[in-house]
Amino acid sequence: MNRKLFNWISELVANRPDQSTTRPVSPLGSEVIERYRCGHLNKGKLVFTAQDKLELRRRVAEETGFDPLRERLPDDRLTVAKHHGNEKLAGKPVSEDYLLLNSPDGELCINGGRITLQPASIMAAGVFCPSSGIETVERDALVVVENLAIMSLCASFELPPLARQALWVYRGDSKTGSKTNVCRDFVDRFGTDKTVIVFSDMDPKGLEIALTMPHANYWLGPVPDAWQDCLRSRVGQREGFDIQARSIAYLQRLSDAGLLTEPLKNLIGCLQAERSSYRQEHMYSHKIELGLLPIR
C-alpha cells in the first residue's frame, strides 16, 4: 500500500458506493484488481461492483487502519505509524511539515505550555518543529519573518510591545527544511483570532508577501519618519529594484482598487519615488526604529 493507491481506492469507493463503477485501464486500477481480487476487466474497462467496493473498504481499512470512504490519511508520519508499518503513507512528507519558531521574550507558548529557548549568549534561530504537532498557540500575535538571519536576532530588535510578545514564524524558502506553504498553512490555521504581522524587507516584494499572507493585519518595518532616510542612505538598495516590476504592478492594482490603507499607499509611493529598498539586516545593523503599519 502507498499513498497514491490509497487515494485511488478512496475516490473509487466514494463514487456511488451502492452502484457499479467503470474506470479506464490504468496501472493503479490493475494493481487494485491484482492485489485485492476485487473488480474485473470487461470490454477494455475496469469494472467494480458495489460488492467489490465494500470488500475494498474492508480490506484497506484492515490493512491501514483507515476507512478509505470516511477518512483521509493523516498528514504526519507518527500518527500513521500507530496504525501501519509504512509510515510513509502520511499525507505529507516530513519535509512538508516543519516550521521554524522563535520569540523575542525567549519563550514559546504553545500547546498549553511554555518552552524556554536558548539563553541570549547563543545566537539561535529558534525551534524547528512539526507544524502538525502544534494544537494551540497561547499568544495574541504571530510575526511572519521573511529572512532567516532575522530569526536569530528577534530578541535584539527594539520592537513594538505586540511584536515582542508574539510568536515568530519563519516564512520559509526553497533551500532550508522550512517551506513557505507550511508557514502559510500554519498562519491560516491559527491567525483567524490573532493579530498577524509580517516583518519583511522594505521593498515591493516584501509588501507583496505581507498582503498575500493569510489574515495579515500589519507590516512591521521602519516608522514613516525614517522611510526617506533609509531609502536614500548608502545601504539603500537601488540595484535590482526594477526586477521587482511584477510586485510593483500587484501593489499598484490593489492601491487603484482602494484595497490598501493610506499609510501603506504612502509607503508604496515613497518606494516608487526613491526607486530604492531597505533590507531587514540593515534595519537591525543601523538600529532603525520599527513600527506597525496597518495594511488593510
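Reader: What makes the sheet with the order 1-3-2 an open one with antiparallel pairing, and which are its edge strands?

Author: In this predicted model, three strands line up in the order 1-3-2 and pair in the antiparallel sense. Strand 1 (21–24) and strand 2 (40–42) are the edges, because each pairs on one side only (two strands pair if DSSP finds at least two bridges between them). Strands here are DSSP runs of E with at least two residues, helices are runs of H or I with at least four, and both are numbered from the N terminus. On average, neighbouring strands of this sheet are turned by 40 degrees against each other, direction ignored.

Reader: How do you know that strand 2 and strand 3 pair?

Author: There are three bridges between strand 2 and strand 3 (residues 45–48), and the cut-off is at least two, so they pair. One of the bridges joins Asn42 to Lys45 in strand 3.

Reader: Which helices lie across strand 1 and strand 3?

Author: Helix 1 (residues 3–14) does, running at about 145 degrees to strand 1. Helix 3 (residues 50–64) does too, at about 75 degrees to strand 3. Axes are lines fitted to C-alpha atoms, for helices over the stretch in contact, and angles run from 0 to 180 degrees between N-to-C directions.

Reader: Why is Glu31 called partly exposed?

Author: Its relative accessible area is 30%. Buried means under 20% and exposed over 50% (1.4 Å probe, protein chains only), so Glu31 falls in between. Glu31 sits in helix 2 (residues 27–36), and its C-alpha is 8.5 Å from that of Leu5, 26 residues apart in sequence.

Reader: What makes strand 5 and strand 6 a pair?

Author: Strand 5 (residues 107–110) and strand 6 (residues 113–116) share four bridges in the antiparallel sense, with Glu107 partnered by Thr116. Two residues lie between the strands of this hairpin, and Asn111 takes a positive phi near 50 degrees.

Reader: Why are helix 8 and helix 11 described as roughly parallel or roughly antiparallel?

Author: The axes of helix 8 (residues 204–212) and helix 11 (residues 262–274) cross at roughly 155 degrees and come within 11 Å. Over 145 degrees counts as roughly antiparallel (under 35 is roughly parallel, 65 to 115 roughly perpendicular, the rest oblique), so this pair is roughly antiparallel.

Reader: Which residues meet there?

Author: Pro204, Leu207 and Leu211 in helix 8 meet Leu264, Leu267, Ile268 and Leu271 in helix 11 (contact means heavy atoms within 4.5 Å).

Reader: Any small print?

Author: Residues are numbered from 1 along each chain as its sequence is written. Local features need pLDDT of at least 70 and side-chain atom pairs count only at pLDDT 80 or more, totals for chains, interfaces and linings use all residues, and side-chain values use heavy atoms, with hydrogens and water left out.
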